[in-house]
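This report covers a nonpolar core and two individual positions. The sequence and the structure are shown first.

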Amino acid sequence: MNKYLRDSEGKVLGIITDSQDSRSIRDSSGRHLAAYDPKTNITRDSKGRVLGTGDLLSTVIKGT
């Protein structure tokens, strides 16, 4: 299932995709930005660096 994040004008800013074992976010161009692993409760950026605990995917798109 995909969740589309949109700005106030309806433009797609990002897409959050759920899979069986994780969630990930891509920007409107399809570039992978980050992933959340519910088993570890950690969100990592596209390079594997820890961004923090919990599902921080929607905060990643705000920074772009």
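## Nonpolar core

In this predicted model, the largest nonpolar core is made up of nine residues: Leu5, Ile16, Ile25, Leu33, Ala34, Tyr36, Leu57, Val60 and Ile61. Two or more residues of this core come from each of strand S4 (32–37) and helix H1 (57–62).

Leu57, one of the core residues, has contacts beyond its neighbours within four places in sequence. These partners are Ile16, Arg23, Ser24, Ile25, Ala34, Ala35, Tyr36 and Thr43. Among them, Ile16, Ile25, Ala34 and Tyr36 also belong to the core.

## Asp45

Asp45 lies in strand S5, which covers residues 42–45. The relative accessible area of Asp45 is 13%, so the residue is classed as buried, the cut-off being under 20%.

The side chain of Asp45 forms a polar contact of 2.7 Å with the side chain of Arg49. With neighbours within four places in sequence set aside, Asp45 is in contact with Leu33, Ala34 and Leu51. Of these, Leu33 and Ala34 are members of the largest nonpolar core.

## Ser19

Ser19 sits in the loop that runs between strand S2 (12–18) and strand S3 (23–27). Its relative accessible area is 42%, and Ser19 is therefore partly exposed, a class that lies between the 20% and 50% limits.

Ser19 and Met1 are 18 residues apart along the chain, and 7.9 Å separates their C-alpha atoms.

How values were computed:
Residues are numbered from 1 along each chain as its sequence is written. This is a predicted model: local features need pLDDT of at least 70, side-chain atom pairs count only at pLDDT 80 or more; totals for chains, interfaces and linings use all residues. Side-chain values use heavy atoms; hydrogens and water are left out. Helices (H or I, at least four residues) and strands (E, at least two) are DSSP runs, numbered from the N terminus. Buried means under 20% relative accessible area, exposed over 50%, partly exposed in between (1.4 Å probe, protein chains only). A polar contact is a pair of N or O atoms within 3.5 Å; within protein, one must be able to donate a hydrogen and the other to accept it, and residues adjacent in sequence count only if both atoms are side-chain atoms. Contact means heavy atoms within 4.5 Å. A nonpolar core is a set of buried Ala, Val, Leu, Ile, Met, Phe, Trp, Tyr and Cys residues joined through side-chain atoms within 4.5 Å.
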